[in-house]
Every structure is written in structure tokens, then in C-alpha cells.
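I opened this entry to look up how one helix is packed and what its neighbours are. My notes follow in the order in which I checked things.

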Amino acid sequence: MIMLNRPDAMNAISSQVADELAGAFLQTAADPAVWVIVLAAAGERAFCVGADLKERGRLDDRGWLANRVLMRGMFDSIRAVPQPTIASVFGYTLGGGFELALSCDLIVAAEDAVFGLPEVTVGIVPGGGGTQLLARRLGPARAKELIFTGKRVQAETAHDQGLVAAVVQRASLEAETMQLAEEICRSSPVAVREAKRAIDRGTEIPMEHGIEIEDQAWRRAVASEDRAEGIAAFNEKREPQWKGR
């Protein structure tokens, strides 16, 4: 589990936080023993309210561009990890905080979670992948409405729209998130990573090219030790002992 731990600032993303979070994801992703990565946050009011605007208020133009490099590196690092990722969110999940969640594969939300991309209301464009990720999850028209207006979306509505995988009681957020992670870990980590790769790379290209990517993923999974173990376990009516290779 990777934790946002700046609750006194509602987990706002400073330059330091962006740098540390990127490093944490890259380091965790390189560990072969890690099959699922959960992004959680400390505090009571907010998963993350986005970029640290107090810090940005002190930046000159050069500082804004330097901050941009760190921010983009953070979001790129999250989207690049091969393991499935789950955002465990609560309270205010706004701006860059919403983009952190969207950068993960799945979102588990507490019932008090509130989502939004309000950047245009302060003269900025979502810059953590929000324009692309939200459009891919909701479709262009709905994404444009939410981004152009900065409108906030409650957890249940986000679930109904397919933005989040589950809405749970706040008290059980961590337990429910870990249960989903454990369910994923019951499957072959090799197969799960290949499936993630095929989905991510195939979504926005012609179908025949996506089918070719899927075929390559299938071949890599079939060549793994996990495939042999999975078939053997099924035939022997036992739980598989995945090796992750």
C-alpha cells in the first residue's frame, strides 16, 4: 500500500509529494512480490484536493514549468506500472486527486467521496490525464460537461456512471479495498498483468490491432509457469500456487 500522508493540507500535492509518490510507485512496481498496488490516504476530510495551490501561488513562470515536470512524472509513473492498481478514496477527491484515482485501474470509494475536476474554474486545464482518462471512462460528452463546469459528482452517482468499482461505508473502506486486492491476487499475476496490458494498449486502436495485442498477451501468459500451475490446479481441484512467472 502507498499512502498519501499530508492530512493537514488535505493531501494536496506539493512538488515534494509528487516526486516522492512517483518514486514510491516505481520502486513498488519493481518488486516481483507485489501483485497489486493500493493507493490510499491519511486523514478524515479528503483523499486529495489536487495540486498545492498555496505552493503554486509562490511560483514564477519557470517554477510552474518545473512543477509541471514533477507532476507529469508522478501521473506517468502510476499509469506505467504493470500491476493492477486500486485507488481507495474518501471525502474530497478533486482536481489532481481525482486524476490520481483515474490513473489507477480501479476505484473503491467511501460513501462520502466527492469527485470533480474544477481546474477550468481557476484558469487551468486538467493536466494529470483528466481530459483523456475521464473521456475514456464516461465518453466525450459527459466528460466535457464535468470538466467545462467543474461540477462535483457524489460517490453513488460516480458508481452508477461506471467511474468507481464499489461504494462502501467509510468505516470499512480499507477492508473492502483489501478484499478486492485479495480477489485479484487469487488470479495469476502473469495473466492479470498481460490482460491489463492488452486492455490499456488496445482500447484506442482499431479492433484488428487490438486483437493482435490480445494474442501477444495470450501467448506470453501461456508460456508462463503460472499457466501450467493454473491448469494443473483446476484439474486437481485445489487452489493454485502462483509463482508470478
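I began with helix α5 (residues 130-138), whose buried residues (buried meaning under 20% relative accessible area with a 1.4 Å probe, protein chains only) are Gly 130, Leu 133, Leu 134 and Leu 138. Looking down the axis of α5, I found these buried residues within an arc of 110° (taken from the directions from the helix axis to the C-beta atoms), so they line one face of the helix. Helices here are DSSP runs of H or I with at least four residues, numbered from the N terminus.

I noted that the model is predicted, that local features need pLDDT of at least 70 and side-chain atom pairs pLDDT 80 or more, while totals for chains, interfaces and linings use all residues. Residues are numbered from 1 along each chain as its sequence is written, and side-chain values use heavy atoms, without hydrogens and water.

Next I asked what covers the buried residues of α5. The cover, counted by contact (heavy atoms within 4.5 Å), includes α3 (61-80), α4 (96-103) and α6 (140-149).

I then turned to α4, which packs with α5 at an angle of about 55°, the axes being 10 Å apart (lines fitted to C-alpha atoms over the stretch in contact, with angles from 0 to 180 degrees between N-to-C directions). The contact is made by Phe 98, Glu 99, Ala 101, Leu 102 and Ser 103 of α4 with Gly 130, Leu 133, Leu 134 and Arg 137 of α5.

Last, I recorded that α5 is followed by Gly 139, whose phi is positive, near 95°.

Definitions and conventions: Buried means under 20% relative accessible area, exposed over 50%, partly exposed in between (1.4 Å probe, protein chains only). Helices (H or I, at least four residues) and strands (E, at least two) are DSSP runs, numbered from the N terminus.
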